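Please work through the exercises below with the sequence and the model side by side, trying each task before reading its solution.

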Amino acid sequence: MRSNSPFAGPTSSQGFKPKNEREQRVQENADLSVLDGEQFFIRALLPLPVDEREAPYNLGIWVQVSQSDFERVYELWDEEDQAQEPAFAATLANDIPNHPSTCGLAASLALTGPKTRPVLTLGPAEHPLVGEQTRGITAHRAAEYSSLCASSAA
């Protein structure tokens with residue numbers, strides 16, 4: 001699954017000053033992050049259906065989960081049958097630009113396989129992002145997300 005992401009990590013683990021504070025407080029790799037040994041994050045894909053396209057647009061985001069769920073995901077990370085595990089409760093851990101605040105939106109996180117990132121399904125809420133995942137987006141909107149991701153990576 002291809003994804004686009006302007007997010008180097010969860011919003012709460014960004015912007016530490018001095019820079020070495022981040023190194024002291026955050027343990028992370030490309031897919032998992034722990035802040036102060038108390039907050040647990042997983043990188044996931046937020047699929048947004050695109051009008052007249054078979055494949056969704058996947059926005060790479062970070063979610064926060066409980067410590068026990070984080071440990072379970074870690075335990076299953078390389079398992080072929082991980083997709084059989086029930087979904088985990090999660091909350092979105094990034095504020096997506098051009099939306100009202102998205103941090104804290106409730107979601108469920110489903111494991112998909114050892115070679116793919118987990119997939120996020122947003123819970124019911126009166127929020128534009130939930131509407132985009134439910135009803136889909138236009139190809140133009142997908143291009144806007146791609147532009148946002150490209151400018152963040154520059």
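**Exercise 1. Determine whether Asp-36 is buried, partly exposed or exposed, and describe its place and backbone.**

Step 1: Asp-36 has a relative accessible area of 34%, and it is therefore partly exposed, since buried means under 20% relative accessible area, exposed over 50%, and partly exposed in between (1.4 Å probe, protein chains only).
Step 2: Asp-36 lies in the loop between strand E2 (32-35) and E3, where helices (H or I, at least four residues) and strands (E, at least two) are DSSP runs, numbered from the N terminus.
Step 3: Although Asp-36 is not a glycine, its phi is positive, at about 55°.

The model is a predicted one, in which local features need pLDDT of at least 70 and side-chain atom pairs count only at pLDDT 80 or more, whereas totals for chains, interfaces and linings use all residues. Residues are numbered from 1 along each chain as its sequence is written, and side-chain values use heavy atoms, with hydrogens and water left out.

**Exercise 2. Compare the surroundings of Asn-98 and Asn-94.**

Step 1: Asn-98 is found in the loop between E5 and E6, and the loop between E5 and strand E6 (106-110) is also the place of Asn-94.
Step 2: Asn-98 has a relative accessible area of 66% and is therefore exposed, whereas Asn-94, at 1% relative accessibility, counts as buried.
Step 3: Asn-98 has a positive phi of about 70°, although it is not a glycine.
Step 4: The side chain of Asn-94 reaches the backbone nitrogen of Trp-62 at 2.7 Å.

**Exercise 3. Explain why strand E4 (residues 57-65) is described as largely enclosed, and identify its partners.**

Step 1: Of the 9 residues of E4, 8 are buried, so the strand is largely enclosed by the rest of the structure.
Step 2: E4 pairs with strand E3 (residues 39-48) in the antiparallel sense over 9 bridges, two strands being paired if DSSP finds at least two bridges between them; here Phe-40 stands opposite Val-65 in E4.
Step 3: E4 is also joined to strand E5 (residues 88-92), antiparallel to it, by 2 bridges, and Val-63 stands opposite Leu-92 in E5.

**Exercise 4. Locate Ala-87 and list what it touches.**

Step 1: Ala-87 sits in the loop between helix H2 (67-76) and E5, and with a relative accessible area of 47% it is partly exposed.
Step 2: Leaving aside residues up to four places away in sequence, Ala-87 touches Ser-108 and Leu-109, contact meaning heavy atoms within 4.5 Å.
Step 3: Ala-87 and Val-119 are 32 residues apart in sequence and, C-alpha to C-alpha, 9.4 Å apart in space.

Methods: Polar contact = N/O pair within 3.5 Å; in protein donor to acceptor, adjacent residues only side chain to side chain.
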